[in-house]
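Hi there,

Here is the structure I promised to pass on to you. Please open it beside this email, so you can look up each residue as you read.

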Amino acid sequence: MKKTINNQSSIISDISNLLHDVDILKYDETFINKSIQNRITETKSKSEEEYFAILKQNKKEVAKFLNSLHNNYSEFFRNQLTFSVLEQIIIPSLILKKKESKNKEIRIWSAACAAGQEAYSIAMLFEEYNANNNEKVKYRIFATDQCEKQLTQARMGKFDVSEINNLNFKRVKQWFTKHGDAYFVKPILKKNIDITEFDLFNEKYSCPPVSIFGDFDIVLCANLLFYFKPEYRKRILNKTSNCLSNGGYIITGETEREILMNFNLKEVYSQSAIFKK
Ligand SMILES: C[S@@+](CC[C@H](N)C(=O)[O-])C[C@H]1O[C@@H](n2cnc3c(N)ncnc32)[C@H](O)[C@@H]1O
């Protein structure tokens, strides 16, 4: 029997009341309804009322429901165009700019880093630059996420073959060591990355405390905004864009470009998903 959710906002508010210490109302309504629909199917509930009764009685289902709201999917070099523009244009221009300034270090914040794929991709670009140039560039990447499980994997730098399969053979060989079925990122990629927990809705800190003062040349805020309601997207964009240095870049996911355009940020190259204030 096909299960339908007749009164979607009512089940959302029922669940919100039940799980009052978790702010589920911050999530985009279409996304949260999809998650509820999936849990209804998974638990073979015949109606939303039946699913809600299960949720009330079963802590494991509460955990599964909350887990369904956390999408941690990521990839190395996830948006190829973005990373090509970074490699060919943005990073070389930042290096040039830094040569002329007192502060030589390029500072990057990967603001929802998942298991570190984004941060390690950027580190590869800098290490590849350094391998090909006599004058070495200094860089530091602050990789943060709210999910400790993801951060543990990021710190280990351990990936299975399905997680690295969009990297070319040269990069896999150059930047990973294989142990059994697992691929570990080489220590050289880890040495300039700080991996710490940071919730973007945290009201106490304007930037990750580990970075002390923010002032980032690049902030990556990708594939996370569309899960939230507009006012929460705005809060994330306020926080991340306020941490940018003068002339710094903010990068988003390819399906989130419009959100940044509506936030009055300017895309520096068409379709690149790389923006400036
Ligand atoms: C779909 S992944 C995207 C990962 C990566 N940025 C990318 O583009 O491939 C979304 C990540 O956002 C993180 N996240 C969700 N809400 C967050 C918050 N309030 N603060 C920090 N990270 C958050 C999740 O834990 C998850 O790792």
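Below is what was found, beginning with the ligand and then moving to the strands.

Please keep in mind that this is a predicted model.

**The ligand and its surroundings**

A good place to begin is the ligand, which is surrounded by 19 residues. The closest of them are S74, R78, A112, D145 and N223. If you sort this shell by class, you get ten nonpolar residues, five polar ones and four charged ones.

D145 is worth finding on your screen: one of its polar side-chain atoms lies 2.6 Å from an oxygen atom of the ligand. The backbone takes part in contacts too. At A222, a polar backbone atom is 2.9 Å from a nitrogen atom of the ligand, and at Q146 a backbone N or O atom lies 3.4 Å from a ligand nitrogen. How much of the ligand does the protein bury? On its own the ligand exposes 610 Å², and 96% of that is buried by the protein. The space that the ligand takes up is the largest pocket.

**The seven-stranded sheet**

Next, trace the open sheet of seven strands, whose order is β6-β2-β1-β7-β8-β10-β9 and whose pairing is mixed. Which strands stand at the edges? They are β6 (193-197) and β9 (266-267). Each has a single partner strand, so one side of each has no neighbour in the sheet.

Further in, β7 (residues 216-220) and β8 (residues 244-251) run parallel and are joined by four bridges. To see one bridge pair, look for L220, whose partner in β8 is I251.

**Strands β3, β4 and β5**

Strand β5 (residues 182-185) pairs with β3 (residues 158-160) through three bridges, and these two run antiparallel. Here F159 has Y183 of β5 as its bridge partner.

β5 also runs antiparallel to β4 (residues 176-179), with four bridges between them. On this side, K178 is the residue that stands opposite Y183. β4 and β5 form a hairpin with two residues between the strands, and in this hairpin G180 takes a positive phi near 60°.

Have fun exploring, and write back with any questions!

Best wishes

Note on methods
Residues are numbered from 1 along each chain as its sequence is written. This is a predicted model: local features need pLDDT of at least 70, side-chain atom pairs count only at pLDDT 80 or more; totals for chains, interfaces and linings use all residues. Side-chain values use heavy atoms; hydrogens and water are left out. A residue is near a molecule or strand if one of its heavy atoms lies within 4 Å of it. A polar contact is a pair of N or O atoms within 3.5 Å; within protein, one must be able to donate a hydrogen and the other to accept it, and residues adjacent in sequence count only if both atoms are side-chain atoms. Accessible areas come from the Shrake-Rupley method with a 1.4 Å probe; for residues, only the protein chains shown count as cover. On a 1 Å grid over the protein atoms alone, a cavity is a set of points where a 1.4 Å probe fits but cannot get out, and a pocket is an open set with protein on both sides within 12 Å along at least five of seven lines; lining residues have an atom within 4 Å of a point. A molecule sits in a cavity or pocket if more than half of its atoms lie within 2 Å of its grid points. Ala, Val, Leu, Ile, Met, Phe, Trp, Tyr, Cys and Pro count as nonpolar, Asp, Glu, Lys and Arg as charged, and the others, Gly among them, as polar. Two strands pair if DSSP finds at least two bridges between them.
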